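Reader: I am a first-year student and should be grateful for a close look at one part of this structure. Please explain each technical term when it is first needed.

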Amino acid sequence: MGTTITNNPPRVEPKALASALEQLAARFGNRLITSQAVREQHGHTTTWIVNQPPDGVVMAQETADIQDVVRICATNRVPVIAFGTGTSLEGQVNAPAGGISIDLRDMNKVLAVHAEDLDCVIQPGVTRKALNEHLRDQGLFFPIDPGADASLGGMASTRASGTNAVRYGTMRDSVLALKVVRGDGEIITTGTRAKKSSAGYDLTHLFVGAEGTLGIISELTIRLRGIPDTIAAGAVSFETVHGACQAVILAIQTGIPVARIELLNAAQVKACNAYSKLTLPETPLLLMEFHGSEVEVGEQSKAFGEIAKDCGGGDFSWTTKPEDRTKLWQARHDAYWSVKALRPGDSIGVVATDVCVPISRLADCVGETEEDLKRLNLLSPIVGHVGDGNFHCSLVCDTNDADEMARGEEFMHRLVERAQAMDGTCTGEHGIGQGKQKYLKAELGPEALDAMRALKKALDPLNIFNPGKIVPEA
């Protein structure tokens, strides 16, 4: 059982699809795959949204492959959906109208590294871990870390963020330029390697976060950072979630340059202890990381420790050993799987959802969310990139239990309404996709949706790029 999306675009015409598949088979041979299993792997598989597989999958190896797929599909008016690693969480890779999925995993080359300029040029299928492995010997790294080993093209398309965002920003801040295949198969170049520009419309950031609805990214130029001299990870437990959130607010307001600051509520700490074999106190916890020189890291750690103590925190422990840091952060990145392990069973589903609020409202929003979970008798551990007011709920429900599913839907709806009422957003980093379309109008207003529809129509007049995502039909 999955959440069915009701505002689907019309299915592609069978004759048009057959024509497109015939032309694609002639062009790509066995790199066009139409088996049911592979098609389902390229539909949404991560949360409750029902899987809507494409009608075929093309394994792209170069930009010309993307161009030819787009040209063939445009001629036949068949949808095209870009696929990176499939880690998106709101149905972004589903094919509600059918169509062709372009799998970009084989476009995984680092084309150029300009160490002196702190940037590099890559293909969209490069994953963040592979990129950082490639850069390590040059003393550079790419700091955006959403947890999953996502592709950089997918991260740009969903405007991804992650644990380092409080210091290094999001994908919006990290992309300098793109090459994008437009609806006629031609290439748009959106910028240069210059660190700033006033030349024309900001097309780069129009495509960053567009979720493949305006074109398909075929190349990225992204910012890099120097690997810090010293990296220290720390952990401190709190009596209450409110105290932990207040410590975050004070740390940000006093200007402590924390690189990472993550909140785990008591339920999430318990899950991580069981799954990752840790022995953390099962109370609200902050995980932190500090970057800089040895002296700077020591000063930052000391300053935060004093703030934490004033907010009801316990002893502040930290380490500079890479293996200890890796174990701690891997436990955080495995939060989804730790929650899933809390309640095994074929009918048990976990949906990861997120909201983001101004940091001054963070404690209120997290506290009210926990109260809602108690009232509705639901299990949903909370983790958050709380340095920028963003937190995630991993809601666990029995998909065969209609009453529990209804309470789960109510909880998620109230979570979004709460965040929006606090001048926040329905999603800090997961994106809209199919799952959160219904909240855009309340958040931005009908005029903004009309502007988005106008952009979509101008750049994709045939509506072939990932139809049925982000903006609901008028």
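Author: An axis is a line fitted to C-alpha atoms, for a helix over the stretch in contact, and angles run from 0 to 180 degrees between N-to-C directions. Helices (H or I, at least four residues) and strands (E, at least two) are DSSP runs, numbered from the N terminus. The model is predicted, with local features requiring pLDDT of at least 70 and side-chain atom pairs counted only at pLDDT 80 or more, while totals for chains, interfaces and linings use all residues. Residues are numbered from 1 along each chain as its sequence is written, and side-chain values use heavy atoms, leaving out hydrogens and water.

The part chosen is the pair formed by helix α10 and helix α13, together with the sheet on which they lie. The axes of α10 and α13 come within 8 Å and cross at roughly 90°. For such angles, under 35 degrees counts as roughly parallel, over 145 as roughly antiparallel, 65 to 115 as roughly perpendicular and the rest as oblique. The two helices α10 and α13 are therefore roughly perpendicular to each other. Contact here means heavy atoms within 4.5 Å. On the α10 side, the residues that meet α13 are Gln268, Ala271, Cys272 and Tyr275. On the α13 side, they are Ala335, Trp337, Ser338, Val339, Ala341 and Leu342. Residues are classed as nonpolar (Ala, Val, Leu, Ile, Met, Phe, Trp, Tyr, Cys and Pro), charged (Asp, Glu, Lys and Arg) or polar (the others, Gly among them). By these classes, the contact of α10 with α13 holds 8 nonpolar and 2 polar residues, and no charged ones.

The sheet beneath this discussion is an open one of 7 strands, in the order β15-β12-β14-β13-β17-β18-β16, and its pairing is antiparallel. Two strands pair if DSSP finds at least two bridges between them. At the edges stand β15 (317–319) and β16 (348–356), each with a single partner strand, so one side of each is left without a neighbour in the sheet. From one strand to the next, the twist averages 20°. Within the sheet, strand β12 (residues 230–237) runs antiparallel to strand β14 (residues 285–292), and 8 bridges join them. One of the residues involved is Ile231, whose bridge partner in β14 is His291.

How do the two helices lie on these strands? Helix α10 (residues 266–276) packs on the sheet and touches β13 (258–264), β14 and β17 (382–385), its direction making about 95° with that of β13. Helix α13 (residues 335–342) lies across β16, β17 and β18 (390–398) and runs at about 140° to β16. Strand β17 is thus named for α10 and again for α13.

Another helix pair, α9 and α11, may be set beside this one. Helix α9 (residues 241–253) and helix α11 (residues 294–310) have axes that come within 9 Å and cross at roughly 140°. They are therefore oblique to each other. Their crossing is right-handed; a crossing is left-handed if the near helix is turned anticlockwise from the far one by less than a right angle, and right-handed if clockwise. Ala247, Leu250 and Ala251 of α9 make this contact with Phe304, Ile307 and Ala308 of α11. The residues of this contact are 6 nonpolar, with no polar and no charged ones.

A further pair, α1 and α3, offers a useful comparison. Helix α1 (residues 14–28) packs with helix α3 (residues 63–76) at an angle of about 155°, and their axes are 9 Å apart. That angle makes α1 roughly antiparallel to α3, and the crossing of the two is right-handed. From α1 the contact includes Ala16, Ser19 and Leu24, and from α3 it includes Asp68, Val69 and Ile72. The residues of the contact of α1 with α3 divide into 7 nonpolar, 3 polar and 3 charged.

Asp68 has a second role in this account. Side chains of opposite charge can pair when their charged atoms come close. A salt bridge is a side-chain nitrogen of Lys or Arg within 4 Å of a carboxyl oxygen of Asp or Glu. Arg71 and Asp68 meet in one, with 3.7 Å from N to O. Being 3 residues apart in helix α3, Arg71 and Asp68 are separated by about one helical turn. In the whole structure, a search finds 29 salt bridges.
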